[in-house]
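Student: Could we go through this structure together, with each label set against its cut-off?

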Amino acid sequence: MSKLVFGNQKMYMNRESVIDFINNLKTLNNLENVVVFPSYLYLTDYSGVVNFGSQDVSNNENGAYTGEVSASQIKSTGAKYSLVGHSERRSYHKEDNNDFLLKINNLIKEDLIPVFCIGENETEYDNKETKKVLFDQITSVYNNLSINDIPKIIIAYEPVWAIGTGKTPNNEEISEVVSYIKELVNDRYNTSNIKVLYGGSVNNKNVDSLNEMDIVDGYLIGGSSSKIDEFKYIIERCL
Ligand code: PGA
């Protein structure tokens with residue numbers, strides 16, 4: 001059992017804490033399954049230590065877009081991945097399916113791996129609309145992508161109500177949703193073996209229980225990915 005461990009460090013750390021974090025992370029021998037998503041500012045600090053990626057990317061390729069960071073600029077740092085469609089981008093920055101389509105295409109053009117985040121909110125969960133919501137989130141972007149590019153994308157299933165709340169669906173619910181996503185993408189877009197991560201309040205206390213699910217390929221971890229002791233524990237349990 002080996003799981004991918006992706007750490008979304010959001011806007012949590014500053015230079016001093018990043019340097020400490022990296023020095024501590026380096027003491028682990030095997031970081032093969034780990035990808036860290038720091039602030040843009042610290043991408044290059046991770047070079048040679050562990051695989052890393054950005055938390056977002058511009059939907060423009062290049063030009064006069066103050067404050068934006070392009071896929072080719074991200075690529076030039078040595079990054080291999082980028083998140084797209086995180087629920088915080090969807091809700092605070094009003095990003096929509098058209099943005100995600102442009103971002104995914106820009107990343108793929110640079111050979112960067114998009115990690116496409118999807119998930120239902122609490123009301124949708126309570127109304128048992130999860131699969132319908134995920135169907136819409138996936139198909140409205142994937143229907144407009146080149147069929148050859150779909151297998152290049154990793155999906156992160158993150159229920160919005162589980163992010164940063166300490167709440168998670170139970171294993172049965174997560175397994176059902178992850179297998180639904182895999183079947184949907186594999187059947188509809190003629191792929192096989194797409195990878196699906198679970199995200200939302202994954203931490204050192206629940207990782208062993210989450211690891212009981214074979215169908216989940218790994219985790220997208222927020223809060224616990226910037227606390228080095230918790231993150232190291234999770235990495236070691238996921239080797
Ligand atoms: P969390 O965040 O682990 O703090 O819930 C997950 C995420 O937002 O990717």
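Student: Where is Lys-10?

Tutor: Lys-10 sits in the loop between S1 and H1. Helices (H or I, at least four residues) and strands (E, at least two) are DSSP runs, numbered from the N terminus. This is a predicted model, in which local features need pLDDT of at least 70 and side-chain atom pairs count only at pLDDT 80 or more, while totals for chains, interfaces and linings use all residues. Residues are numbered from 1 along each chain as its sequence is written, and side-chain values use heavy atoms, with hydrogens and water left out.

Student: Why is Lys-10 called buried?

Tutor: Its relative accessible area is 14%. Buried means under 20%, exposed over 50%, and partly exposed in between (1.4 Å probe, protein chains only). So Lys-10, at 14%, counts as buried. The backbone of Lys-10 is also worth a look: phi is near 45°, a positive value in a residue other than glycine.

Student: Which class does Asn-193 fall into, buried or exposed?

Tutor: Asn-193 has a relative accessible area of 68%, so it passes the cut-off of over 50% and is exposed. Asn-193 belongs to the loop between helix H7 (171–188) and strand S7 (196–199). Its phi is positive too, about 60°, although Asn-193 is not a glycine.

Student: And what makes Asn-97 partly exposed?

Tutor: Its value is 31%, which lies in between the two cut-offs, so partly exposed is the label. Asn-97 is part of helix H4 (residues 97–109).

Student: How do you know that Asn-97 has a polar contact with Ser-140?

Tutor: A polar contact is a pair of N or O atoms within 3.5 Å; within protein, one must be able to donate a hydrogen and the other to accept it, and residues adjacent in sequence count only if both atoms are side-chain atoms. The side chains of Asn-97 and Ser-140 are joined at 3.0 Å, so the pair falls within the limit.

Student: What else does Asn-97 touch, neighbours within four places in sequence aside?

Tutor: Asn-97 is in contact (heavy atoms within 4.5 Å) with Arg-90, Gln-137, Ser-140 and Val-141. Let's follow Gln-137, a residue of helix H6 (residues 130–142). With neighbours within four places again left aside, its contacts are Arg-90, Asn-97, Phe-116, Ile-118 and Gly-119. The side chain of Gln-137 reaches the backbone nitrogen of Gly-119 at 2.9 Å.

Student: Which label does Gln-137 earn, buried or exposed?

Tutor: Gln-137 is at 12%, so it is under the limit and buried.

Student: What about Ser-54 in strand S3: buried or exposed?

Tutor: Ser-54 has 0% relative accessibility, so it counts as buried. Leaving out neighbours within four places, Ser-54 is in contact with residues including Phe-37, Tyr-40, Ile-74 and Ser-82. The side chains of Ser-54 and Ser-82 make a polar contact of 2.9 Å.

Student: Where is Asp-56?

Tutor: Asp-56 lies in the loop between strand S3 (51–54) and helix H2 (71–76). At 10% relative accessibility, Asp-56 is buried. Beyond neighbours within four places, the contacts of Asp-56 include Tyr-40, Arg-89, Glu-95 and Lys-103.

Student: Which residues of H9 are buried?

Tutor: In helix H9 (residues 228–237) they are Ile-228, Phe-231, Lys-232, Ile-234 and Ile-235.

Student: How do you know that the buried residues of H9 line one face?

Tutor: Down the axis of H9, these residues fall within an arc of 160°, so they line one face of the helix. The arc is that of the directions from the helix axis to the C-beta atoms. An α-helix has 3.6 residues a turn, so residues three or four places apart point the same way. Among what covers the buried residues of H9 are strand S1 (4–8), helix H1 (15–25) and strand S2 (34–37).

Student: What surrounds the ligand?

Tutor: There are 13 residues around it (a heavy atom within 4 Å), the closest being Lys-10, His-86, Glu-158, Gly-164 and Ser-201. By class, the shell has 4 nonpolar, 7 polar and 2 charged residues. Here Ala, Val, Leu, Ile, Met, Phe, Trp, Tyr, Cys and Pro count as nonpolar, Asp, Glu, Lys and Arg as charged, and the others, Gly among them, as polar.

Student: What makes the ligand's partner in Glu-158 a polar contact?

Tutor: An oxygen atom of the ligand is 2.7 Å from an N or O atom in the side chain of Glu-158, so the pair is within 3.5 Å. Likewise, a ligand oxygen is 2.6 Å from a polar backbone atom of Gly-164, and a backbone N or O atom of Ser-201 is 2.8 Å from an oxygen of the ligand. Taken alone the ligand exposes 280 Å², and the protein buries 96% of that. Accessible areas come from the Shrake-Rupley method with a 1.4 Å probe; for residues, only the protein chains shown count as cover.
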